Amino acid sequence: MSQTEPTSDYGVLASLNKKNDPNSRRRQYREVQETNRKVLKHVRIDESTVIPAALPESEYKKKNRNTPEPQIELPKKRFYRQRAHSNPFSDHRLEYPKKPSMMDWGRLYPAYIDESTGRVDRNVEIADIGCGYGGLMIDLAPAFPDTLILGMEIRVQVTQYVEDRIIALRKHNADAESDSQTNKSMAYQNINVIRGNAMKFLPNFFEKSQLKKIFFCFPDPHFKQRKHKARIVTNTLLSEYAFVLAEGGIIYTITDVLDLHEWMVKHLDEHPLFERLSTEWEEQDKCVAIMRESTEEGKKVARNKGSKYVACYKRLPNPEL
Ligand SMILES: C[S@@+](CC[C@H](N)C(=O)[O-])C[C@H]1O[C@@H](n2cnc3c(N)ncnc32)[C@H](O)[C@@H]1O
């Protein structure tokens, strides 16, 4: 081996140094995005930073008059790389409200703040669990313009990508057709994302029967049998989903992994509070059409000509005791 030829150790060191290098493009890019995110309403829910009644936009602007408006570009995915999987059982030091009423939704959906109460004027009704890079929400936003939609994602950098994507979309569409009463564009104001572990904290965010639709799009398959307990659909978790879902509400599932599809169908079929909807129903439902096409994972499957397995279930009424 020649003196100059790098060994594999050298390669690892070089890539580590690159990662920590303050001049690396990735690091510089992420620092600028972090600043933009802070200026343009960060969506953390750390209670020490939460203003109980969020500031109306006019006051926010007055207060931040001297802060220059950042130039917002759509984020670049390559700067938000993260491992493909995050262990849902590890302690991620996540932030979550003690109960749903403590959640400050105004920070996520400022265009929906009722100025007389300082709080948003409606509840989140659609949740995208494990939303990844946010493609589903972005296509659902115009399809449900009067509904608040929330993505929950466990990976921190993926969540930040979605936050930055939504900030940029809102900015870019600020001149779009505006609301007749407020004269403001509502484009993409009805979607947002939080970093959270849906397997642990869903009832901390949502009241009983609050949600009308829950999406599980291409959830992590956790192929090995000993990892099946990490799957996002289990008997216990289905009872939590039933708790936050309204009667008649829908669980949407889609995956390219047949074994996972069969697993989800088996558990949903066995649960007394869910009933499968027919393929005819799936064919006429606009969310099924959107979910088949719009998520990043779904697009990847389509590019690779893979199969997509869909199953949708209706939340049944609680049985009489
Ligand atoms: C295979 S990706 C699919 C992403 C997206 N739904 C799509 O179709 O493109 C699964 C996503 O779920 C997230 N995830 C896994 N377990 C989670 C949990 N317990 N709570 C929230 N998100 C989770 C992962 O970080 C990952 O981004």
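## Exercises on a predicted fold

Tyr188 sits in the loop that links helix H5 (156-172) to strand E5. The model is predicted. Work through the exercises with the structure open.

**Exercise 1. Find what is unusual in the backbone of Tyr188, and decide whether the residue is buried or exposed.**

Step 1. Start from the general rule. Most residues other than glycine have a negative phi.

Step 2. Check the angle. Tyr188 is not a glycine, yet its phi is positive, at about 65 degrees.

Step 3. Count neighbours. Tyr188 has 23 other C-beta atoms within 10 Å. The cut-off for buried is 20 or more, so Tyr188 is buried.

**Exercise 2. Do the same for Ser209: where does it lie, what is its phi, and is it buried or partly exposed?**

Step 1. Locate it. Ser209 belongs to the loop between helix H6 (198-205) and strand E6.

Step 2. Read the angle. Ser209 has a positive phi of about 60 degrees, although it is not a glycine.

Step 3. Count neighbours. Ser209 has 16 other C-beta atoms within 10 Å. Exposed needs 12 or fewer and buried needs 20 or more, so Ser209 is partly exposed.

**Exercise 3. Work out the strand order of the open sheet, and explain why E5 and E8 each have one side without a neighbour.**

Step 1. Set the inventory. The chain has 11 helices and 9 strands.

Step 2. Trace the sheet. It is open, holds 7 strands and runs E5-E4-E3-E6-E7-E9-E8. The pairing is mixed.

Step 3. Look at the edges. Strand E5 (191-195) and strand E8 (274-276) stand there, each with a single partner strand. One side of each is therefore left without a neighbour in the sheet.

Step 4. Add the twist. From one strand to the next, it averages 20 degrees.

**Exercise 4. State how E6 and E7 are joined, then place the helices that pack on the sheet.**

Step 1. Take the pair. E6 (residues 211-217) and E7 (residues 245-255) run parallel and are joined by 6 bridges. Find Ile214 as a check: its bridge partner in E7 is Ile251.

Step 2. Place helix H4 (residues 135-143). It packs on the sheet and touches strand E3 (124-129), strand E4 (148-153), E5 and E6. The direction of H4 makes about 180 degrees with that of E4.

Step 3. Place helix H8 (residues 258-270). It packs on the sheet through E7, E8 and strand E9 (309-315). The direction of H8 makes about 15 degrees with that of E9.

**Exercise 5. Describe how H6 and H7 pack.**

Step 1. Know what to report. Two packed helices are described by the angle between their axes and the distance between the axes.

Step 2. Give both. H6 and H7 pack at about 20 degrees, with axes 10 Å apart.

Step 3. Classify. Angles under 35 degrees count as roughly parallel, so H6 is roughly parallel to H7. The crossing of H6 and H7 is left-handed.

Step 4. Name the contact residues. H6 supplies Met199, Leu202 and Pro203. H7 supplies Leu237, Glu240, Phe243 and Val244.

**Exercise 6. Map the UniProt sites onto the fold.**

Step 1. List the binding-site positions. The unreviewed UniProt entry gives Gly130, Glu153, Ile154, Asn197, Ala198, Cys217, Thr295, Glu296 and Glu297.

Step 2. Examine Ala198. It lies in helix H6. It is buried, with 23 other C-beta atoms within 10 Å. Leaving aside neighbours within four places in sequence, Ala198 contacts Ile129, Gly130, Met152 and Ile232.

Step 3. Examine Glu297. It lies in helix H11 (residues 296-303). It is buried, with 20 other C-beta atoms within 10 Å. With the same sequence neighbours left aside, Glu297 contacts Gly132, Cys217 and Phe218.

Step 4. Turn to Asp220. The unreviewed UniProt entry places the "active site" feature here. Asp220 is in the loop between E6 and helix H7 (235-244). It has 19 C-beta neighbours inside 10 Å, so it counts as partly exposed.

Step 5. Gauge a distance. Asp220 and Ile232 are 12 residues apart in sequence, and their C-alpha atoms are 7.9 Å apart in space.

**Exercise 7. What share of the chain is buried, and what share of the contacts joins residues 24 or more positions apart?**

Step 1. Buried residues make up 31% of the 321 residues.

Step 2. Take the contacts with a separation of 6 or more. Residues 24 or more positions apart account for 78% of them.

Conventions. Residues are numbered from 1 along each chain as its sequence is written. This is a predicted model: local features need pLDDT of at least 70, side-chain atom pairs count only at pLDDT 80 or more; totals for chains, interfaces and linings use all residues. Two strands pair if DSSP finds at least two bridges between them. Helices (H or I, at least four residues) and strands (E, at least two) are DSSP runs, numbered from the N terminus. Axes are lines fitted to C-alpha atoms, for helices over the stretch in contact, and angles run from 0 to 180 degrees between N-to-C directions. Two residues are in contact if their C-beta atoms, placed from the backbone, lie within 7 Å. UniProt positions are given in the numbering used here, feature names are shortened, and annotations may be inferred rather than shown by experiment. Angles under 35 degrees count as roughly parallel, over 145 as roughly antiparallel, 65 to 115 as roughly perpendicular and the rest as oblique. A crossing is left-handed if the near helix is turned anticlockwise from the far one by less than a right angle, and right-handed if clockwise.
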